[in-house]
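Got a minute for a quick tour? Have the sequence and the 3D view ready, and we'll walk through the points worth a look.

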Amino acid sequence: MSKSAIKPEGNNHNIIAFGTKIDGNIYGSGKVIVGKTGFINGDTSCQNIDIMGRIEGNVTASDTISLKETAIVNGNLNTSVISIEPNAQFVGNCQTAPR
């Protein structure tokens, strides 16, 4: 199966994946929200991301990555600020750099 990329256009650069499976990379300049039943199989690049669901891929956020208690992330994280709640699952490397 080939992967596709999601690149929002126009003024709305926010992406919400509640109960959605996305096979492909996400590139956004705003906020990405992955709901409890959301699943992204690909890399994600954005300004801020709240993860309550599952991501299989690398996550890059220019501002903040927030792993909520139900999050499952298998991939590397690269951000300025990271927040990981108790019970969140994360397998990979994390790199932070000042804004």
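Here is a short briefing on strand pairing, the nonpolar core, the salt bridges and a couple of individual residues.

Keep in mind that this is a predicted model. The quick version: parallel strands pair up, with β2 joined to β4 and β4 joined to β6. The largest nonpolar core has 19 residues, and the structure holds four salt bridges.

**Strand pairing**

- Strand β2 (residues 15-17) runs parallel to β4, and three bridges join the two. To find your way in that pairing, look for I16, which sits opposite I33 in β4.
- β4 also pairs with β6, again in the parallel sense, this time over four bridges. Here V34 is the residue to click on, since it stands opposite I51 in β6.

**The nonpolar core**

- Which residues touch the most other members of the largest core? They are V32, I49, I51, I55, I65 and L67.
- Two or more residues each come from β2, β3 (21-27), β4, β6 and β8. Of these, β8 is the top contributor, giving four residues.
- I55 is worth a closer look: setting aside neighbours within four places in sequence, its contacts are V34, I40, G42, T44, I49, I72, V73 and N74. I49 is therefore both a contact of I55 and, like I55, one of the core residues that touch the most other members.

**Salt bridges**

- K31 and D50 form a salt bridge, with their closest N and O atoms 3.0 Å apart. This pair links distant parts of the chain, as K31 belongs to strand β4 (residues 31-34) and D50 to strand β6 (residues 44-51), 19 residues apart.
- Are the two partners buried or exposed? D50 is buried, because its relative accessible area is 18%, under the 20% cut-off. K31, at 32% relative accessibility, counts as partly exposed.
- K68 bridges to E85, where the closest N and O atoms are 3.9 Å apart. K68 is in the loop between β8 and β9 (72-74) and E85 in the loop between β11 and β12, so this bridge ties together parts 17 residues apart in sequence.
- Both ends of that bridge are partly exposed: K68 has a relative accessibility of 23%, and E85 has a relative accessible area of 30%.
- K21 and D23 also meet through their side chains, in a salt bridge of 3.8 Å from N to O. K21 counts as exposed, because its relative accessibility is 54% and the cut-off is over 50%.

**T64 in β8**

- T64 lies in strand β8, which covers residues 59-67. Its side chain makes a polar contact of 3.5 Å with the side chain of D63.
- Beyond the neighbours within four places in sequence, T64 is in contact with Q47, N48, I49, T79, V81 and R99.

**N87, a backbone oddity**

- Most residues other than glycine have a negative phi. N87 isn't a glycine, yet it has a positive phi of about 80°.
- Where is N87? It's in the loop between β11 (81-84) and β12 (89-91).
- N87 counts as exposed, because its relative accessibility is 64%.

Definitions and conventions:
Residues are numbered from 1 along each chain as its sequence is written. This is a predicted model: local features need pLDDT of at least 70, side-chain atom pairs count only at pLDDT 80 or more; totals for chains, interfaces and linings use all residues. Side-chain values use heavy atoms; hydrogens and water are left out. Buried means under 20% relative accessible area, exposed over 50%, partly exposed in between (1.4 Å probe, protein chains only). A polar contact is a pair of N or O atoms within 3.5 Å; within protein, one must be able to donate a hydrogen and the other to accept it, and residues adjacent in sequence count only if both atoms are side-chain atoms. Contact means heavy atoms within 4.5 Å. Two strands pair if DSSP finds at least two bridges between them. A nonpolar core is a set of buried Ala, Val, Leu, Ile, Met, Phe, Trp, Tyr and Cys residues joined through side-chain atoms within 4.5 Å.
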